[in-house]
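I opened this one cold, with a notebook and no plan beyond looking things up bit by bit. Here is what I jotted down.

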Amino acid sequence: MKKFAGQSIIDKLSERFEASKQELTSNSTIADVRQKALNHLVENGLPHAKAEEYKFTNLTKALEKNISFEMNTERVSVSKEDVEKLRIEGLDAYYLTFINGEFNSEFSDEVTESGISFSPLSAAIQENNQLAGKLFDKLSKSTEDAFVAMNSLLANEGTVLEISANSEVSKPVFVQYINTKSSDIHAKNLIEVGANAKVTVIEKVDTLGAEPGFSNIVNEISVATGANAKFYKIENDTDTSYHISNIHVSQDKDSTFTSNTVALNGAMVRNNLDIKLEAEGCEAYMNGLYLLNGKTHVDNHTIVDHMMPNAYSNELYKGIMDDKSRGVFNGKIFVRKDAQKTNAFQSNKNILLTDDATVNTKPQLEIWADDVKCSHGCTTGQLDKDALFYLMARGIKKDRAMAMLLHAFASDVIENLELEPIQAYVEAIITSRLEK
Amino acid sequence: MLSIKNLQARIEEKEILRGINLEVKPGEVHAIMGPNGSGKSTLASVLAGREDYEVTGGEVNFDGKDLLDMDADERAREGVFLAFQYPVEIPGVSTTNFMKTAINQVREHKGEKALDAVSFLKLMKEKMKLVEIDQSLLSRSLNEGFSGGEKKRNEIFQMAMLEPKLAILDETDSGLDIDALRIVSNGVNALKSKDNATIVVTHYQRLLDYIVPDYVHVLYKGRIVKSGGKELALELEEKGYDWIKEEAEAAV
């Protein structure tokens, strides 16, 4: 048998799949998807060290070294206090909390508002919920990414959200994943935003304790005609946590989707964001901020695919790397032949605070249409010395002056975050990091 | 107040200041003039603590303390103020927020209580009048998109807010039209007292019609080659710098 990257991981996942087969394959449609995912993994393995899409982020190696992938049935108790500490202060939301991959109704809010229905994924699969069949492994595909395959193989829990047409959800939905053990969790969120509906979803994954943990979360988000969906991802996990996110979005006519990704901590984080503008008049906004220190490694891979005319996309990612941290940015823009009158903009700016910090940035534009406006730019530099001197020449201490400049650098991305408690959360972290 | 003895400084391998001697007492206005490249702006930057320059010799005593031993921020808190020739644009930082931080750090250094929002705004209103600067300008990002005149007025506004003991104006007249020049000079004059001192670095005599110096020093090749009263500036305006250069070369 040919040996692949991540062979030992795949062997364990196969065993686990066999052991839980009854539970995982109770729904025949999903069972089929899982079997295909397994086949894909067994045939192709995980991304190897030179795999183009993962060449700066060798997640396979990191997982082999740090995560056991053993089945973990041990129950760990988590207090209400633990859960609340990991939320965002002052943020009024519907909190949906999952502990070790299982939905926890005790810590979660009831979503009673009309126009929005929530179901844990396990229940949705049991009840043969139409959304589960429609979205599970449909927008993000096992065949396109090994970690999506891993997710589709094992994810039996997550958030199924359906926003009915013309409904405006009164407050954000906050999906909270908490991992307490030296183990891995795989969760899938399936979100359907009906025509002209409006919703904001926030996702945050945390690990309790110092043991290494791995979380693999997939979001499949379908945004119907005229709808407006916003998705926030707050990444501020422990120094020993590994995370991969796959967010796949399909947008219908005149819809708007906004992605806000804020990466603050973790051992290694990989974010794949893939937005397909499948009809005319779509708008997509991608905001990203990565503020890294220690040895944190954060990789943002984004794709926006303009498939039809008159759509607009705007991407702004900014990073500040301190200590020995590493940032990676890869932004792809595709403008298909039919996507005339496309406006697509991309900007990636980075500041390196030390000689040991690194960033790898790569914009990638592929344009087949001829009547389009596209621009991209990326910069990497150090903190502006002249600006620092100017502030210090007025009596401001160096640390404080640096903090002011970094706040200023990040300010346009932070303003785009819109939700004030999240802005305050990020601002406070910038301040505490720099004024230590 | 300020005593400079045999100050030498270089940037990279290039020697720029080759032994400056200068005494400034409270209440005095000193003008530093000289042709381009004579080291005027370097002197201003070295006194303010810009790290691009390496001090290779000499000493600077400010109110009994070793100025060269302090970082730029500490010098500012001790009462040294540099009005920049080219004020830096800093997007994302408002002048108001910047000034509030600066003032309170200076106050803390002096052992004074931080200004509350009301007192700060009151102080700001009062100083804004002095340089005829508009509130809307101060709410914007620091110097971003400001005209040359607005930037220089903002410098003098900051000086008015911080009330330094020693103000160093680096080519504050460059890029100013006659109205802006008048406003900026009025501001500087209004801030003069018997307890503080001003060093005006300028290429032209024009500014000295408005800010009248007690002493004029001519810098050439990194040294003060001639000192005199305000009439020296007029002489330079009339005769240019060539005769100074000749005198200086002859003396070597």
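**Cysteines.** I began with disulfides, keeping in mind that this is a predicted model. How many disulfides are there over all chains? The count comes to 0. I then looked up C374(A), which is in no disulfide: the nearest cysteine sulfur belongs to C282(A) and is 15 Å away. A pair has to lie within 2.5 Å to count. C374(A) is partly exposed, its relative accessible area being 25%. Next came C378(A), also in no disulfide. Its nearest cysteine sulfur is that of C374(A), 15 Å away. With 34% relative accessibility, C378(A) is partly exposed.

**The sheet in chain B.** I moved on to an open sheet of 6 strands in chain B. I wrote down its order as β6-β9-β10-β3-β11-β12, with mixed pairing. Which strands stand at the edges? They are β6 (80–83) and β12 of chain B; each has a single partner strand, so one side of each is left without a neighbour in the sheet. On average, neighbouring strands here are turned by 20° against each other, direction ignored.

I zoomed in on one edge. β6(B) pairs with β9(B), residues 166–170, in the parallel sense, and the pairing runs over 4 bridges. One residue pair I noted is A83(B), whose bridge partner in β9(B) is L169(B). Helix α6(B), residues 148–162, lies across β6 and β9 of chain B. Its direction is at about 170° to β6(B).

**Helix α9(B).** Another helix, α9(B), packs on the sheet too, touching β3, β11 and β12 of chain B. I noted an angle of about 45° between the directions of α9(B) and β11(B).

Which residues of α9(B), spanning 230–239, are buried? I found L232(B), A233(B) and L236(B). They sit on the same side of α9(B), because they cover an arc of only 105° around the axis. My reminder to self: an α-helix has 3.6 residues a turn, so residues three or four places apart point the same way.

What covers those buried residues? My list for chain B includes the strands β3 (29–33), β11 (215–220) and β12 (223–228), plus the helices α8 (206–210) and α10 (242–251). On the face turned away from the buried side, I found the exposed residues E231(B) and E238(B).

Last entry: just after α9(B) comes G240(B), which takes a positive phi of about 75°.

Technical notes:
Residues are numbered from 1 along each chain as its sequence is written. Chains are lettered from A and ligands numbered from 1 in the order in which they are written. This is a predicted model: local features need pLDDT of at least 70, side-chain atom pairs count only at pLDDT 80 or more; totals for chains, interfaces and linings use all residues. Side-chain values use heavy atoms; hydrogens and water are left out. Buried means under 20% relative accessible area, exposed over 50%, partly exposed in between (1.4 Å probe, protein chains only). Helices (H or I, at least four residues) and strands (E, at least two) are DSSP runs, numbered from the N terminus. The arc is that of the directions from the helix axis to the C-beta atoms. Contact means heavy atoms within 4.5 Å. Two strands pair if DSSP finds at least two bridges between them. Axes are lines fitted to C-alpha atoms, for helices over the stretch in contact, and angles run from 0 to 180 degrees between N-to-C directions.
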